[in-house]
Every structure is written in C-alpha cells, then in structure tokens.
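Dear colleague,

I am handing over a structure that you have not worked with before, and below it you will find some notes on what turned up. Please read them with the structure open beside you.

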Amino acid sequence: MIRAALLLLTLFLLSVAFPAAAQTQVHRCVGKDGGPVFTDQPCGNLGARSIAPPAAASSTEAPAGTSPSTGLLCAKDMATLRVAVASAFNQRDANRIGGLTLWSGYGSGGAVENIRNLEAVVKQTLLSLEGDEADGITAVTRVPGGGEASHQVHFGVVRDAGCLWLRPPA
C-alpha cells in the first residue's frame, strides 16, 4: 500500500513539474559588464541587452534553415557564415565578428588589436559580401561621409573541427 502511494505521489509530482519546466523561457542577454546572462526574466528588467536573433533585413535574409542565432557557435556552411557576418555588420558589433574568427596563432594582444581595428570596419555600411570557402570572404563597405567610395576588407575562411571560421584581415 505504501509503495502504491509513493508511486502515485511520484507520478503526480512529475506530471506537475514537466509542464512548468516546458513553459519557462530562457532569455539570453549580455550584462552591463559584457558577460553572458541567462535568465527567466526579460533582459531589460536586469539592465542587460538581449542577444535574441534580430528580425532579418531583406539584404541579409538567410536561406531557409540557415538563419543563425545571435549566439552562433559554429557555422557549418558558407550561407550560415555569411548571414552571421552580415548580422554583425548590421549590429555594428566587432565582438560578433571576433566570435566567428579562429584566433589560433594570435596572442591576446594581437586578437585585441584586430578587434579594435574591426570596430572601425563594422561602423561602415555593408554593401556586399563576396567570395567562397576557398577564396575567403570580402566585405565591401561604404565609409561614412565618403560619398560613393567603397572599402574592402578580406577575411580568410578556414574549416576547423567541422566549422567554418574567419581568419583576421591582413
């Protein structure tokens, strides 16, 4: 009798717990200190910035099934890598470009210097992304106040551990 009561109690508790867990939304945020924050509250309630995927603009819309989240950890193909790079430019976020970059061979000083240089690049208007896995990606940008003049930044592309990564511009 006690076994049956314990079994029923366990089943009841499990049936109550699972629907509640399924309804909990996890918000991915960047805190004031720049660190990741995962919470059940909206990011704004914590003074943090959401890293939920933005609505895609028509110029950077991903092919079906390739839209990466803002927290993309691994681009499996060129379409996904392109969308992630375009999104980083649209958000003017050099750190996102840094997260898509394979930094092996660079010391922390070299990586920081490259990120600082990328800060100026991502502030420019992205006109196009050209290239492929073999040749790399060239970001064609327009410099603010530069009229019709364009600027090109070339990123090598390498495959490592099943992912495509950018290499820092030369």
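In these notes, a residue is called exposed when its relative accessible area is over 50% and buried when that value is under 20%, while anything in between counts as partly exposed. Please keep in mind that this is a predicted model, with a mean pLDDT of 76 over the chain and 73% of its residues at 70 or more.

I looked mainly at helix H4, which runs over residues 108-122, has 15 residues and spans 21 Å from its first C-alpha to its last, close to the 21 Å expected at 1.5 Å a residue. Its buried residues are Ala111, Asn114, Ile115, Leu118, Val121 and Val122. Viewed down the axis of H4, these buried residues lie within an arc of 110°, and so they line one face of the helix. Glu113 and Arg116, on the other side of H4, are exposed. The cover over the buried residues of H4 includes helix H2 (78-90), helix H3 (94-99) and strand S6 (150-160).

In the loop between H4 and strand S4 (125-132) sits Gln124, which is buried because its relative accessible area is 9%. Apart from neighbours within four places in sequence, Gln124 is in contact with Phe89, Arg92, Thr141, Arg142, Val143, Pro144 and His151.

One stretch calls for caution: over residues 54-70 pLDDT stays under 50, although the model has 26 contacts beyond four places in sequence for them. Where pLDDT is low, predicted coordinates should not be read in detail.

With kind regards

Note on methods: Residues numbered from 1 in each chain as written. Predicted model: local features only at pLDDT ≥ 70, side-chain atom pairs only at ≥ 80, totals over all residues. Heavy atoms only, no water. Helix = DSSP H or I, 4+ residues; strand = E, 2+ residues; numbered from the N terminus. Expected span 1.5 Å × (residues − 1). Buried < 20%, exposed > 50% of the residue type's maximum accessible area, 1.4 Å probe, protein only. Arc of directions from axis to C-beta. Contact = heavy atoms within 4.5 Å. pLDDT = per-residue confidence, 0-100.
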